[in-house]
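Open the model in your viewer and keep the sequence panel in view. The tour below goes from one selection to the next.

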Amino acid sequence: MTKLSLPNGVVPVKVRFEHHTSGLGVGTRAPRISWHLEGEGNFGPTGYEVERNGAETCSVEPYEQVLVPWPFSPLGPGEGAVVRVRAGSAEGWTAWSEPSLVEAGLISPGDWKALFVSPRRSGGTGAPAPYVRGSFEVTGEVRRARLYTTALGAHVAYLNGHRVSADVLAPGWTSYAKRLAYQTYDVTGLLVQGPNLLQALLGNGWYRGKLTWDKRHYYGDRLAYLAQLEVTYADGRAQRVCTDTSWQAAESGVLFDDIYDGQTTDLRIDGPAGPWGPVDVVECDMATLFAAEAPAVRALMALPVREELVSPSGKKIVDFGQNLVGWVRLEIRGGREGQEVSLRHAEVLEGGELCTRPLRKAEATDRYLLKGAPAEVLEPIFTFHGFRYAEITGLDGAGVDNVEAVVIGSSLERTGWFESSSAELDRLHENVVWGMRGNFLSVPTDCPQRDERLGWTGDIQVFSPAAASLFDCSSFLGSWLADLAADQRPGGEVPLVVPDLMPFRPGVAAWGDAACVVPWVLYQHFGDLGVLERQWASMRGWVDWVASQAGESRLWSGRLQVGDWLDPTAPPEAPHLAKADPDVVATACFARCAGIVAEVANLLGRSDEAERYEALASQVRRAFADAYVTPSGLVMSDAQTVYAIALAWDLLPTERQRAAAGRRLAELVRLAGHRIGTGFVGTPWVLDALSDAGYCTDAYWLLFQRSCPSWLYAVTMGATTIWERWDSLLPDGSVNPGQMTSFNHYAFGAVAAYLHQRIAGLAPREPGYRSISVRPLPGRELTYARTRQLTPYGTAEVAWSRGEGSFLLEVTVPQLVEAHVQLPGSTTVEVVGAGKHRFEGPDPLDRGLSGLGVAEPATRPLADVLDLLGDEEAWAEFSRAYQELTGGGEESLLGILRRLARTPLSWLPEMPVGPGGKQLPPEERAGLAKVVSSLQQHMP
């Protein structure tokens, strides 16, 4: 390659190491490197160069740019390098990227010289949060200083009175006995000549306190702190400061802290409250320490109060207009010394009062004893709440200068956006974003507000494709998967929650599937084969354990399952009693996971195992079809979910069965009045299954349904996050009576993947979006939709609009990526490269096409009741006329028509379709006959 500069301005940008946004303190001595190219033109590089510290350069062919191997000698503990990259071809070289720092952390147990220290006389259970401190001298010009630190509990570190980072609840939640994260901080600028003081405030965090519904002090009784400060002087000297027995401990003004219950703070105690006492060394397996992989929990934004309310009981309530996760920051003036101000939190109001019943045993209350200063800031540090509303009591004459909600969560990079011509659909998408933002908090939790907040494996299994479409969750979920593997039980059984707090609960289908599905999703979206290599034993272990439960029949049946959890037909107090048979669901999940493991084995070059798991998957699919599917395509239990997953997971062996299953799924959706009939398992797949079977209009109608249960029902009720139940809030505004009712649960938000990949039409065609599929799905409910995705190769965008008989599609393709573009209504696929592309044609919805990516029914007469229920315009006209003629309601009409699904439409006026299932009087029958005749003449 000639050493020329490229004229088109193509340049490598966004150099990253592993999946970290910062290269500081990575947990490997040979970090993989990623970048992408930006610039005009279609550049075809054949190789790349990596430069270290401006001196050493390594040339590599062929060209790659996603997670390429470290080309130099391994880094030592704490050793750093400044890296630049450039790409080259026969045309010449790009410019160098901007310099990026990468630095290894402490890799092995022997790198640690610090000891875990715990207060001897303070910091016990129920006592105030303790401080620990150590002092040291700085004796020259400091070139670099790194603080490596963690805790048994949560900690906030201070150096010379300055907080060393903005991290919240560090070190985060992992399976502490097996994996304990540590953080690396650059504290060079905080050191001063002469005496220095390193200090940490310790809280309970997830380590000690309430967890689940009834557990306390789950991991240990004693809080402890670990810190190792490595200082390098300009003259080459090195200094190490470690936690040891010379440290001291004292109490603080944080009198009580608990993640579920809140925090009590005495603001009269500013800093440590003497006397200082000794510390003890606490034993901890240093082999459990690892450099934090997931992004830290941080304060992400602050929201102002939208409205101030006074409840019927006279309480002051502030409404932030958004269900969120974090805490309230309150600035007040004129308070008295010792005056107590309290804040209670809740997601909803009921009867104008704070509704705390859904919190169950979580108190979610922060209390403050005022100092009596002219101005005071009230803000917790060791708790968080899920809330939209906060009730403030105890002000008693104190003035309020400012109230705001501090939103916290793991600091993930946003990578996916969607918008459309429907404000309700956009609000639904925004609700999914907020649900993920609040529940991706150190671990992927089910909910952020009640006495639970656990890493339920089933929730993230169904939501992971949507999560990967919205944020870069590669390192976040990669770290969580390492905990899943660590907590996986002997024989391969996967816990219901990770970190595992319920070791005696059996593994179940769809939940344990997270072991296979989540790494597979990460590979598809981020192109990291390494996650499959790391999780291989875990993935295989889960499938082997399920195979042992199923036995030679290959049917996973007869065991306790939770099935299609929270199907809308399930009773409020029995969410597992779904319409879909749990054995059908379990065996389908078995087949899917076996198939994934077979594909992974092929990718990893494990040919013998690939053959074995391909055979296993084939056997399970065959057993499923033989046991649960009729030759005509009916699936046992005849529920929306069983058809959706049988179609989406390719479990139906014949074309006849597939066609019949698609038709039956559409029938069930129509008979439900285009209301959702799926729980956790079926919801991510029902729209895809309908669309792929050619029933795009039914998919759109189901998506845009506003009656309960539906996605948009919650939007019409004012939801700002995704609910746990389809009817968490009942139509009359009251809260669902079930004791398990959350208003911030992301599982049903899995629909976001459909919005990005099907409605807007942008999906990965190869792992990591190395090539993309562009196949939009327009419908009459929308005049435009667009999505933007920050892929490992750069920004990809798809936008379409329709109007005045024309259809416009605009596609932006990043460097090195191919886009396979298929216009709706067409069978032709056009392949295009990097750049901006524009496609125009007639509006496909004006052509009455079906099954070719167009949400429009095929042109044919309305023959029977099911045809009527499948045509939105015809149904609206018929329902309106029926109600005017008979006085009956739409719900009762739907109930009657469900029993008459195959009845010819022309017979309908003579059938018992009156209110109460009675025959209509002659005059009303004649009027209905005219309506039917008109529909058959004018509706396709």
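Helices here are DSSP runs of H or I with at least four residues, numbered from the N terminus. By that numbering, R925 belongs to helix 17, which covers residues 922-938. The model is a predicted one.

**Stop 1: R925**

Select R925 and show its side chain. The side chain of E910 joins that of R925 in a polar contact of 3.5 Å. Now add the contacts of R925 beyond four places in sequence: they are P909, E910, Q919 and L920. For a distance to check, pick the C-alpha atoms of R925 and G914, which are 9.4 Å apart in space and eleven residues apart in sequence.

**Stop 2: G888**

Next, select G888, in the loop that runs between helix 15 (872-886) and helix 16 (890-898). Is G888 buried or exposed? Its relative accessibility is 9%, so G888 counts as buried, the limit for buried being under 20%. With residues up to four places away in sequence left out, G888 touches Y882, Q883 and P915. To step to the other part of the chain, draw a C-alpha to C-alpha line from G888 to T415: the two are 49 Å apart in space and 473 residues apart in sequence.

**Stop 3: S420**

From T415, go on to S420, in strand 36 (residues 416-420). S420 is buried, at a relative accessible area of 3%. Zoom in on its side chain: a polar atom there lies 3.1 Å from the backbone nitrogen of S422. Show also the residues in contact with S420 that are not within four places in sequence, namely L425, D426, L782, Y784 and A785.

**Stop 4: helix 1 against helix 13**

L425 also leads to the next selection, as one of the helix 1 residues that meet helix 13. Display helix 1 (residues 423-439) together with helix 13; the two pack at an angle of about 125 degrees, and their axes are 9 Å apart. Helix 1 and helix 13 are therefore oblique to each other, since 125 degrees falls outside the ranges for roughly parallel, roughly antiparallel and roughly perpendicular. The crossing of helix 1 past helix 13 is left-handed. For the residues involved, select L425, L428, H429 and V432 on helix 1, and V751, A752, L755 and H756 on helix 13. Coloured by class, this contact shows six nonpolar residues, two polar and no charged ones.

**Stop 5: helix 2 against helix 13**

Keep helix 13 (residues 751-760) on screen and add helix 2 (residues 457-470): these pack with their axes 7 Å apart, at an angle of about 55 degrees. Helix 2 and helix 13 are therefore oblique to each other. Helix 2 passes helix 13 in a left-handed crossing. Which residues make the contact? On helix 2 they are P465, A466, S469 and L470, and on helix 13 they are A752, A753, H756 and Q757. By class, five of the residues in the contact of helix 2 with helix 13 are nonpolar, three are polar and none is charged.

**Stop 6: H820**

Finish at H820, located in strand 45 (residues 818-821). H820 is buried, with 15% relative accessible area. Show its side chain with that of R765: a polar contact of 3.2 Å joins them. Beyond four places in sequence, the contacts of H820 are R765, I772, S773, V774, V829, E830 and V831.

How values were computed: Residues are numbered from 1 along each chain as its sequence is written. This is a predicted model: local features need pLDDT of at least 70, side-chain atom pairs count only at pLDDT 80 or more; totals for chains, interfaces and linings use all residues. Side-chain values use heavy atoms; hydrogens and water are left out. Buried means under 20% relative accessible area, exposed over 50%, partly exposed in between (1.4 Å probe, protein chains only). A polar contact is a pair of N or O atoms within 3.5 Å; within protein, one must be able to donate a hydrogen and the other to accept it, and residues adjacent in sequence count only if both atoms are side-chain atoms. Contact means heavy atoms within 4.5 Å. Axes are lines fitted to C-alpha atoms, for helices over the stretch in contact, and angles run from 0 to 180 degrees between N-to-C directions. Angles under 35 degrees count as roughly parallel, over 145 as roughly antiparallel, 65 to 115 as roughly perpendicular and the rest as oblique. A crossing is left-handed if the near helix is turned anticlockwise from the far one by less than a right angle, and right-handed if clockwise. Ala, Val, Leu, Ile, Met, Phe, Trp, Tyr, Cys and Pro count as nonpolar, Asp, Glu, Lys and Arg as charged, and the others, Gly among them, as polar.
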